[in-house]
Amino acid sequence: MDNSIESVVNLNASKDFSSSKQALKEKHHNLKTNYERLGKIAALGPGGKEFEEPRVTELWKLAQKADFDKTELESLKEELKHYEHRVKKLLHLQAQVELAEASNKWTEDRAEDKKRMEQKIKEYGHKVNKVHGELEGRILQRHLEL
């Protein structure tokens, strides 16, 4: 048995190190748990809703009531996020045209630009409505199977 002072100091340092290690592990676990919780809250978006657009929110509510399994529901949620992005883009394009009209930006020189922009909005609107119809059809088909 070693009776030197260094062995006693090393023994105390070893105990301090193991307690510090345990405290660090607990803090890491708590930090990781809270980070995951914040990630989930952030994913819900402003106001705690899954989606911002009312059309998309209604489709999501229908999908949750339908007979989708967990993986299908996650896949559908991703599709709805893409659909919501398209809806936002359409609304943005429409707002740009309205803003340009309000500021009298469309002059005779830019009449062709206005026509092109309106045509683009019309085509994009058809795409958005088509995607909405497809998503709604798939959700309602599964919903009616209940």
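Q: Which residue forms a salt bridge with Glu 78?
A: Lys 81 does, in this predicted model. The closest N and O atoms of the two are 3.7 Å apart.

Q: Where do Glu 78 and Lys 81 lie?
A: Both are in helix H3, three residues apart, which is about one turn of the helix.

Q: How exposed is each of them?
A: Glu 78 is partly exposed, with a relative accessible area of 41%. Lys 81 is also partly exposed, at 36% relative accessibility.

Q: How many salt bridges does the count come to?
A: Six.

Q: Which residue does Glu 72 pair with?
A: Glu 72 forms a salt bridge with Arg 142, and the closest N and O atoms are 3.0 Å apart.

Q: What does the pair of Glu 72 and Arg 142 tie together?
A: Glu 72 belongs to helix H3 and Arg 142 to helix H4, so the bridge ties together parts that are 70 residues apart in sequence.

Q: Is Arg 142 buried, partly exposed or exposed?
A: Partly exposed: the relative accessibility of Arg 142 is 21%, and buried would mean under 20%. Its partner Glu 72 is partly exposed too, with a relative accessible area of 29%.

Q: What about Glu 101, which side chain does that one meet?
A: The side chain of Lys 114, in a salt bridge at 3.5 Å, N to O. Glu 101 is in helix H3 and Lys 114 in helix H4, so this pair ties together parts that are 13 residues apart in sequence.

Q: And how accessible are Glu 101 and Lys 114?
A: Glu 101 has a relative accessible area of 35% and is partly exposed. Lys 114 is partly exposed at 26% relative accessibility.

Q: Changing topic: how many residues are in the largest nonpolar core?
A: There are 22 residues in that core. Those with the most contacts inside it are Ala 63, Phe 68, Leu 76, Leu 80, Tyr 83 and Leu 135.

Q: Which helices each supply at least two residues of this core?
A: Helix H2 (54-65), helix H3 (70-102) and helix H4 (111-144).

Q: Which one gives the most?
A: H3, with eight residues.

Q: Back to Tyr 83: what is it in contact with, leaving aside neighbours within four places in sequence?
A: Tyr 83 is in contact with Arg 55, Val 56, Leu 59, Val 128, Val 131, His 132 and Leu 135. One of these, Leu 135, is also among the core residues with the most contacts.

Technical notes
Residues numbered from 1 in each chain as written. Predicted model: local features only at pLDDT ≥ 70, side-chain atom pairs only at ≥ 80, totals over all residues. Heavy atoms only, no water. Core = buried A, V, L, I, M, F, W, Y, C linked by side-chain atoms within 4.5 Å. Buried < 20%, exposed > 50% of the residue type's maximum accessible area, 1.4 Å probe, protein only. Helix = DSSP H or I, 4+ residues; strand = E, 2+ residues; numbered from the N terminus. Contact = heavy atoms within 4.5 Å. Salt bridge = Lys/Arg side-chain N within 4 Å of Asp/Glu carboxyl O.
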